[in-house]
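Here are some notes for a colleague who has not yet looked at this structure. They go point by point and keep to what can be checked in the model.

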Amino acid sequence: MIFSRIIKSILGIFPIIIFLILWELMARMHLISGKFFLPPFSMVVSEFYNLTASGVLGKSFISSLSRVLIGFSLGTIAGIIFGILTGWYYLLDRTLSPIISLVYPIPALGWLPLLMLWLGIGEILPITIIFICSFFPILYNTSTGIKTVDKNYIKVARSLGASDKEILTSIVIPLALPNIFTGLKLESGMAWRVIIAAEMVAIPTGIGALMMRAESLMRIDIIIVCLIILAIMCFLFERFFIFLEMIFTGKWR
Amino acid sequence: MPDIELKNISNYICKNINLKIWDKELFVLLGSNGAGKSTLLNIVAGLIDYQGTVFFGKEKIDKLGVKNRKIGYLFQDLHLFPHLDVFSNIAYSLKIEKKLINEIKSRVEELLEMLRIESLANRYPKQLSGGEKQRVALARALAFNPEVLLLDEPLNKIDLQSSKYFRIELKQIQKKLGITTIYVTHSLKEAEEVADRIAIMHKGYIEQIGKPEEIFFSPMNENVSEFIGRPNILCCDNRINLGNGIAKVDCQGLSVVIPDDNKKVNKIALLPQDIYISEVLPPGPNINRFKGNIIDLNISNETTRIKVKVGSIILLSELPYHLFKRMNLQKGKQVFLIFKLKNIKCLS
């Protein structure tokens, strides 16, 4: 069992190692040149070290991370609460769903010009963007999860003496968890993609802003460092929610 | 435990149902799909709207919600909560009642032991077999000591063999707890085995209520007779014990050998599918073999019903269509009927 897990892990890492070796070789042999200049992987690692040692990367990373954590947490909490309410209370759903249906399709970055005018360029702006980016999809997934719980479980719980509130908390919400986690997994990665884009366009600090500065200096190695950090953070956030999902639903699903 | 009385109960399926179920009785609602059995169960549970009055004992309970009717309900598809393990599924109603942890633990352990599922306490529903789920669902329905137990086709999700044992056990548990029980099924055999009394339902109406043998030997109308399989019913007397667990009786001119349990036999009944038909005299001892003439054939896609006149009586036999096609049976033809001895039902 453990042996097969190790084999699986090695098989998962193996293509990445091959890719990095090929990248290193192609860059060193100047197989890609001109405007597609690609620095070797070792140069990217070295630049990662320099940026970290100088504190530039850490500062930018902390800025982006704190924005994502605050915006995503607030968006998640609000999305789950509103999702539960709209999924459970029919009238509330009927009242809010036209508004949600209109606002939900607007991409989070579409709000940026408006929010820049309303909120100005400050910490509130990226947090609000992340909030919007997380809130609607999580609300939608939670609401759908609540609505699609098999009504027979509700009937059974009612026959066992449970009140509406007890049914909601002990049956419906736990059974909606898989849907809620689907939203969280998708949107945690999306929050990182959106913050980077927002920082590139409108906010002078953070990983996105660092990328834009690197672009103006034609420092492709720095851009690649930032992209790798973005990829790793998307991956880690998604893994975190997969882990939580396993804890909360793994036993019974 | 209360008697249950339904007075003039109607809704979109049930039509003017009047019914009294006695304290501690296991009452079976029997009928084909769509007859209104489960709907009637839901009415008793207070899960759907209806006109009329339901009494538990002398108390009208129409205004009580399902929560206050003290009903244990075993639903057809069980619906064990998938996110709760067996222990928590059974404990659910007790937690809702805010019982103390020790009380919950001891009650759940008592039920686990009663239903012989102690080893399953920590498993989740997805890890259980059909029969195990059935037991857990029953334990869950019984956990809060309900006054009435409603069972909606409790055996339809398990294999025949398990179902046979479980219904014996179910009956024992019901008698042990002395809980008034309404049991819904479409299986006559199941009903006969568990019921104290049976109500036959057809298209929302109750057609007949009686003990299993009353239903089988004295169907009140065509609908009941058709549902129970149109048994051939013969009046009998002059029982002679032949030893070896068999006896001979005279049934309206036929000398029939029957399983013997040392009781006087007034009637025998035999379902059409339990009367074989042969074009030639079958080999073997001349027991329960009768010569007659076909007087009518009713051919359908799956079965063929053949009316045969034997002496002064008319017997109905049934053949699968593929067997009928192989034979050359037609009106007026002489045939031999063979009664399946072990399937002869006797009314003492």
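1. A term comes first: helices here are DSSP runs of H or I with at least four residues, numbered from the N terminus. In that sense, Arg239(A) lies in helix α10 of chain A. Please keep in mind throughout that the model is predicted.

2. Chain A as a whole. Chain A has 10 helices and zero strands, and its pattern along the sequence reads α-α-α-α-α-α-α-α-α-α. Its C-alpha trace spans about 75 × 55 × 30 Å along the principal axes. The chain has 253 residues, and 43% of them count as buried. Among contacts in chain A with a separation of 6 or more, 72% join residues 24 or more positions apart.

3. Two residues of helix α10 in chain A. Ile220(A) belongs to this helix, which covers residues 220-249. With a relative accessibility of 26%, Ile220(A) is classed as partly exposed, because that class lies between the limits of 20% and 50%. Leaving aside residues up to four places away in sequence, Ile220(A) touches Phe37(A) and Pro39(A). Its C-alpha atom is 8.7 Å from that of Val44(A), although 176 residues separate the two along the chain.

4. Arg239(A) is the other residue to look at in helix α10 of chain A. Its relative accessible area is 46%, so Arg239(A) is also partly exposed. From Arg239(A) to Trp88(A) the C-alpha distance is 29 Å, with their positions 151 residues apart in sequence.

5. The sheet in chain B. Which order do the strands of the six-stranded open sheet follow? The order is β6-β7-β8-β3-β9-β10, and the pairing is mixed. The edges are formed by β6 (71-74) and β10 (205-210) of chain B; each has a single partner strand, so one side of each lacks a neighbour in the sheet. On average, neighbouring strands of this sheet are turned by 15° against each other, direction ignored.

6. One pair within that sheet. In general, strands of a sheet pair through backbone hydrogen bonds, in either a parallel or an antiparallel sense. Here, β7 (residues 148-152) and β8 (residues 180-185) of chain B pair in the parallel sense over five bridges. Leu151(B) stands opposite Tyr183(B), which is in β8(B). Helix α4 of chain B, residues 130-142, lies across β6 and β7 of chain B and runs at about 165° to β6(B).

7. The largest pocket. Its volume is about 580 Å³. The lining has 21 residues, and those nearest the centre are Leu188(B), Lys189(B), Glu192(B), Phe216(B) and Lys345(B). Three elements of chain B give two or more residues to this lining: α6 (188-194), α7 (212-217) and β20 (345-347). By type, the lining residues of the largest pocket are 10 nonpolar, three polar and eight charged.

8. The second largest pocket. It holds about 270 Å³ of space. Of its 13 lining residues, Arg230(B), Asn232(B), Arg305(B), Lys307(B) and Leu316(B) lie nearest the centre. At least two lining residues come from each of β11 (232-243), β16 (289-299), β17 (303-310) and β18 (313-320) of chain B. The largest share, three residues, is supplied by β16(B). The lining of the second largest pocket divides into six nonpolar, three polar and four charged residues.

9. The cavity. How many cavities of 30 Å³ or more does a search of the whole structure find? The search finds one, with about 40 Å³ of space. The residues lining this cavity are Asn232(B), Leu234(B), Ile268(B), Ala269(B), Leu270(B), Ile275(B), Leu315(B) and Phe339(B). Two or more of these residues come from each of β11 and β14 (267-270) of chain B, and β14(B) gives the most, with three. By type, seven residues of the cavity lining are nonpolar, one is polar and none is charged.

10. A residue to revisit. Asn232(B) lines the cavity, and Asn232(B) is also among the residues nearest the centre of the second largest pocket.

Definitions and conventions
Residues are numbered from 1 along each chain as its sequence is written. Chains are lettered from A and ligands numbered from 1 in the order in which they are written. This is a predicted model: local features need pLDDT of at least 70, side-chain atom pairs count only at pLDDT 80 or more; totals for chains, interfaces and linings use all residues. Side-chain values use heavy atoms; hydrogens and water are left out. On a 1 Å grid over the protein atoms alone, a cavity is a set of points where a 1.4 Å probe fits but cannot get out, and a pocket is an open set with protein on both sides within 12 Å along at least five of seven lines; lining residues have an atom within 4 Å of a point. Grid points are joined across faces, edges and corners, and a volume is the space filled by probe spheres set on the points. Ala, Val, Leu, Ile, Met, Phe, Trp, Tyr, Cys and Pro count as nonpolar, Asp, Glu, Lys and Arg as charged, and the others, Gly among them, as polar. Two strands pair if DSSP finds at least two bridges between them. Axes are lines fitted to C-alpha atoms, for helices over the stretch in contact, and angles run from 0 to 180 degrees between N-to-C directions. Contact means heavy atoms within 4.5 Å. Buried means under 20% relative accessible area, exposed over 50%, partly exposed in between (1.4 Å probe, protein chains only).
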